[in-house]
Every structure is written in structure tokens, then in C-alpha cells.
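Work through the exercises below with the sequence and the model open. Try each task before reading its solution.

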Amino acid sequence: MSDFLQLIISGLSTGSIYALAAIGFTLLWQASQTINFAQGEFVMVPAFFILIGSRVLGLPFPIAIGFGLAVAVFTLGFVFKRLVIQPMLPHGHLPIVMATIALAILMRELVKEFYSAEAQTFPALFSEQTFDVFGAVISHQDIGNLAVSAVAIIALQLFLGRTRTGRSMQATAQNPGVAEILGVNVQRMVLYTFMINAALATLASVLISPIYLAKFSNGEPIGLVAFLAAIVGGFNQVRGALVGGLLIGVIDNLSAAYLSSEYRIAGPMILLIVIILLRPQGLLGTSEGRTV
Amino acid sequence: MLQLKNLYGGYGKITILNGVEFEIPKGTITTVIGPNGAGKSTVFKAIFGLLNVHSGQILLEGRDVTGRTPKQMIGEGVTYVPQGRNVVPQLSVYHNLELGGITARDQSAVRARIEKVMDQFPMLREFRDRKAIELSGGQQKQLEVARALLLDPKLILIDEPSIGLSPNLVAEVFRTLQALRDDGVTILMVEQNAKAALAMSDFGIVLELGQTRMHDRADALLADPRVGQLFLGGHMEEA
């Protein structure tokens, strides 16, 4: 029983990191119908921006995180939107899918070529000390990751719901034609969404890299999990991506512990198949009815 | 108040407007009627800066506003209520209204204005915290009209307000528009429901094939047999 509790908590902890990536994924979809197949690489790369800041430029680690965040928001937010998505968008979904797949490959190879093909250790924000709760061994890192993700997601929800800019972003996502005729700067709102996605990916990167190390090939599994989480939760819902991320974190952990770590990815895949069969719009999703 | 001079325009290379010309006076309701494909909605989009004007001029109170963006047109005191459903579905009624004033610098004035508009439309006050998608079709249309009033516009372009509404709701929307006209707002409306629309308007314009065919007092158009013929499906030349 205490093992079970322990697995649930550490599952929620990794799940909350997956949720950050999945939420960014759904935000991009809502704002610009972009399915970002490079989302995993968006989580992999900021760790290297931070490592460059701290090891190459010699910045203290907290400043290096700020540096990595700024570089990520600029390149994965602004440049990505302007140079990749905006020119492709008029041509439909498929060119964007191809472009983001190509971008993912490019990002992996750039890291391998110009930084290292080896896994890099990455300093953790929280200690790996543990404490006992009802016999379960819980690490500070698990609780810390969960708390940081929770704060980020709550802050995002408050921003989207409680500020005029956030509501203009919602209007842009839900009905871009109407947003335009009301005088909302639609392109700017879409850009904000891309920048927020880059920031969420950076946060996920900071939290997950101490666990899985920073490695060029880490994007693939993370991207897959974010994609699964978004589909399981409901593609058009921030809350859905959150639930999907947490659920997959837990199932991932339980199947690794009770079945075999070889079947680790099988659990989430089975969940995906069940969800698609029983509730294709996702757990919290609503079927999409875009009005003309 | 609003004057179109020999306006040509359309979508990309396709020309829909072939020299539309008319002028509407301040504080009046003018209804644009015409068969499908005549370019009625296209005229509105051209005025509001949503599509390219190839040639010709749009004058607002004598100033050339051709080629402005929607945001600039809002700044000029023009608002646009397109056809169909135009609410932001997951935002509350209140926040939909607030979006109507999103371009304003002074947001406290917008809040005061929202209160005033909710006085005009008590239903909106009652449902202010509901999501817009939860309102009925007629209520959503009222929300759209109310939202278009948020910046105290001089000119409202309203495209087919009666679509999907029951006859008594149509009458209600029309009464709202007449009350606005009486407050000095100029209204330019497109309507399929030509008879009812002309009956509540001051002036009428008949568009066909992207050109102005007739422009007269609404009661004169109503009495004109050629207009009746047009809406029985024939072309005006045959009348």
C-alpha cells in the first residue's frame, strides 16, 4: 500500500511535467491549428540553452535559467511562429506537420552536433532527500515538481481568465473572425500563445532534465507523451491536457512497477486506444464545432 | 454620412463589386436588399476593411477611409455585426461585452458603458455570468448587437440580423435598431427578409451583380412592382 502511494505521488510529479508540455501543445492547437510535432524537442532544447548559459557563459545557475528562458521564448516562441508557422499556415495542416517533424529532427541533430551526443547531468532545483508519509517514501523533488507545475498552471489559468489580454487570447482561439472584427490584434495574441508555450516547455525542461538527464534524444518520448496526454484529456482543453498529463504520469509509473519497465509506454498507449474507442473527444474535451 | 463612390472589390482576383455607389444620411436606417450573390455582404466587408478594394472610394463624413483595417474602422466609430453566430462561446456574457470595447484606451469608461448597455438589454444583465454559448440564438444576436454598441458607434453595419430568429425576436431586434436610430446612430443593414426590413427602414438600396440598381425611400421601394418581381426570383430587366 505504501509502495502504491509512493508510485502515485511520483507518477503525479512526472505527470505534472508532462501536463506542462501537453498544455502548451493544446494552446498552440487552439490559437493557430498548429499540431507541433517538435513539442518534445521544445522541452529537450531549453535544458541545453541553460547549460550553455551556465557552463559556457559561466552564469550562476538561477541566472542561466533566466537566460535559457529568454532564449527559448525568443527562438521557440517568436522565431518559430514567424519563420515556420506563419508562412505555412495558409497552406493547411499537412505542411505544418511536415515542417514541425523536420524541425524536430533539426533540433536533435543540432544539439548532437554542436553540444554533445552524451547525456548531460542537470542540477536539480530540489534536493533528493526523502521523507515518510504513511510509510511511503516521498522525495522533496517529487513534491517540488508538483508544486512548481501547479503554480505555473494556476497562474496560466488566471492569466487566461482574469486579464483582458488573456480573454482576448481566448477570443482569438475560439472565434478568430469575431476577434478580428472587434479589433483584437489577432496576430499578437497568437504570438503570445507561442511565447507561453515556449515558457511552459522551458519549465518542463528544468523540472525533467534532472530526472532523465539532458540528452538530444529525450524529445521523442516527451513529445509522444505530451501528444497522448493532449488527446486523452481532450485536444481543445487546457484542463483536459492537465488531467491527461497526470493520468499518463501515474499509469506510466504503475505499469513500470507492476508489469515491467519494458511495457512502460504500453500503458499510456492502451489508455489512448480505450479513450479513442469510448470517448473520442477526450475525457474533458468537447467535439469541435467551429462556427463559420 | 457614409458614401461609396464607384467601388470595385472582391476576394483575391474575383471581383464581386462592380461599381457600387450610394450615400446614406446620418441617423437613418438603410436596408440593402438583392438576390443571392449580389454582393450585399461583400459591400459590408469592403467598408469594414475585411477585403481588398480594387478601386473606388469609401467616404465617412467626407473623409476617405478606403483601405482601413477593421481596427481603424472601429476607431472611426464604425462597428460590424456579421451574419450568423458571432459570440465568443466559452466567455461569459459580460466578457463578450467587454471585448466590444477592447480597443478603447479608457477601460473604466468601457465598464460604465457595459452597465448602460445592460440597462438597454436587461436580459444581458440577468445572464451576465453565463457563457455566451448557453444563450438562445435570439439572445446571442442581442448580445452581438449590444456588443457593437460598446464604443458608442456612429455607424453600425449589421448583416442579416433576422437569420435563425423567430418572427417576434426579429421584431424585437428591429425595434432595438429603430431605438438606436432615434438616438442618432446610423444603421446600414443587409436583409433577406426584404419586406419586413424595408417596412422598418428609412431608405432601401437594391444591389444586383455588384451594382446599385435602385436607391430610394423604403416605402417607395416597397410599393415598386419591380422590387416585388425581383424577390419572386426574376431579374429586374424582365420586369
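How far apart do the C-alpha centres of domain 1 of chain B and domain 2 of chain B lie?

Solution. Start with the bounds, which come from an automatic or database domain assignment. Domain 1 of chain B covers 1–24 + 49–68 + 201–219, and domain 2 covers 79–152. The C-alpha centres of the two lie 28 Å apart.

Some conventions before going on. Residues are numbered from 1 along each chain as its sequence is written, and chains are lettered from A and ligands numbered from 1 in the order in which they are written. The model is predicted: local features need pLDDT of at least 70, side-chain atom pairs count only at pLDDT 80 or more, and totals for chains, interfaces and linings use all residues.

**Exercise 1. Work out the strand order and the edges of the open sheet of 4 strands in chain B.**

Solution. Helices (H or I, at least four residues) and strands (E, at least two) are DSSP runs, numbered from the N terminus. Two strands pair if DSSP finds at least two bridges between them.
- The order is β2-β1-β4-β5 (chain B), and the pairing is antiparallel.
- At the edges stand β2 (14–24) and β5 (63–64) of chain B, each pairing on one side only.
- Strand β1 (residues 2–11) of chain B joins β2(B) through 8 bridges, in the antiparallel sense.
- For one bridge, take Gly9(B): its partner in β2(B) is Leu17(B).

**Exercise 2. Do the same for the open sheet of 6 strands in chain B.**

Solution. Read the order first: β6-β7-β8-β3-β9-β10 (chain B), with mixed pairing. Next come the edges. β6 (78–81) and β10 of chain B each have a single partner strand, so one side of each is left without a neighbour in the sheet. Neighbouring strands are turned by 15° against each other on average, direction ignored. Axes here are lines fitted to C-alpha atoms, for helices over the stretch in contact, and angles run from 0 to 180 degrees between N-to-C directions. Finally, check a pair: β6(B) and β7(B) run in the parallel sense over 4 bridges. Val81(B) has Ile158(B) as its bridge partner in β7(B).

**Exercise 3. Place helix α1 of chain B: is it largely enclosed or open?**

Solution. Count burial first. A residue is buried if 20 or more other C-beta atoms lie within 10 Å of its own, exposed if 12 or fewer, and partly exposed in between; C-beta atoms are placed from the backbone. In α1(B) (residues 40–47), 7 of the 8 residues are buried, so the helix is largely enclosed by the rest of the structure. Among them are Val43(B), Phe44(B) and Ile47(B).

Now look for the neighbours. Contact means that C-beta atoms, placed from the backbone, lie within 7 Å. α1(B) lies across β1, β2 and β4 (52–60) of chain B, at about 75° to β2(B). On the sheet of 6 strands, α1(B) touches β3 (29–33), β6, β7, β8 (186–190) and β9 of chain B, and its direction makes about 145° with that of β7(B). After the helix comes Gly49(B), with a positive phi near 80°.

**Exercise 4. Find two residues of chain B, other than glycine, with positive phi.**

Solution.

| Residue | Phi | Loop | C-beta neighbours inside 10 Å |
|---|---|---|---|
| Asp152(B) | near 55° | between α6 (137–148) and β7 (155–159) | 15, partly exposed |
| Leu209(B) | about 50° | between β9 (203–208) and β10 (211–217) | 14, partly exposed |

**Exercise 5. Describe how α1 and α10 of chain A cross.**

Solution. Two packed helices are described by the angle between their axes and the distance between the axes. The axes of α1(A) (residues 2–32) and α10(A) (residues 238–258) come within 6 Å and cross at roughly 140°. That makes α1(A) oblique to α10(A) (angles under 35 degrees count as roughly parallel, over 145 as roughly antiparallel, 65 to 115 as roughly perpendicular and the rest as oblique).

Then zoom in on Gly15(A), in helix α1 of chain A. With 28 C-beta neighbours inside 10 Å, Gly15(A) counts as buried. Its C-alpha atom is separated by 6.6 Å from that of Val250(A), 235 residues apart along the chain. Leaving aside neighbours within four places in sequence, the contacts of Gly15(A) include Gly245(A), Gly249(A) and Val250(A).

**Exercise 6. Which elements of chain B give two or more residues to the side that touches chain A?**

Solution. Begin with the totals: 18 residues of chain B are in contact with 15 residues of chain A. The elements are α2 (70–75) and α3 (93–99) of chain B. The largest share, 3 residues, comes from α2(B).

Definitions and conventions:
Two residues are in contact if their C-beta atoms, placed from the backbone, lie within 7 Å.
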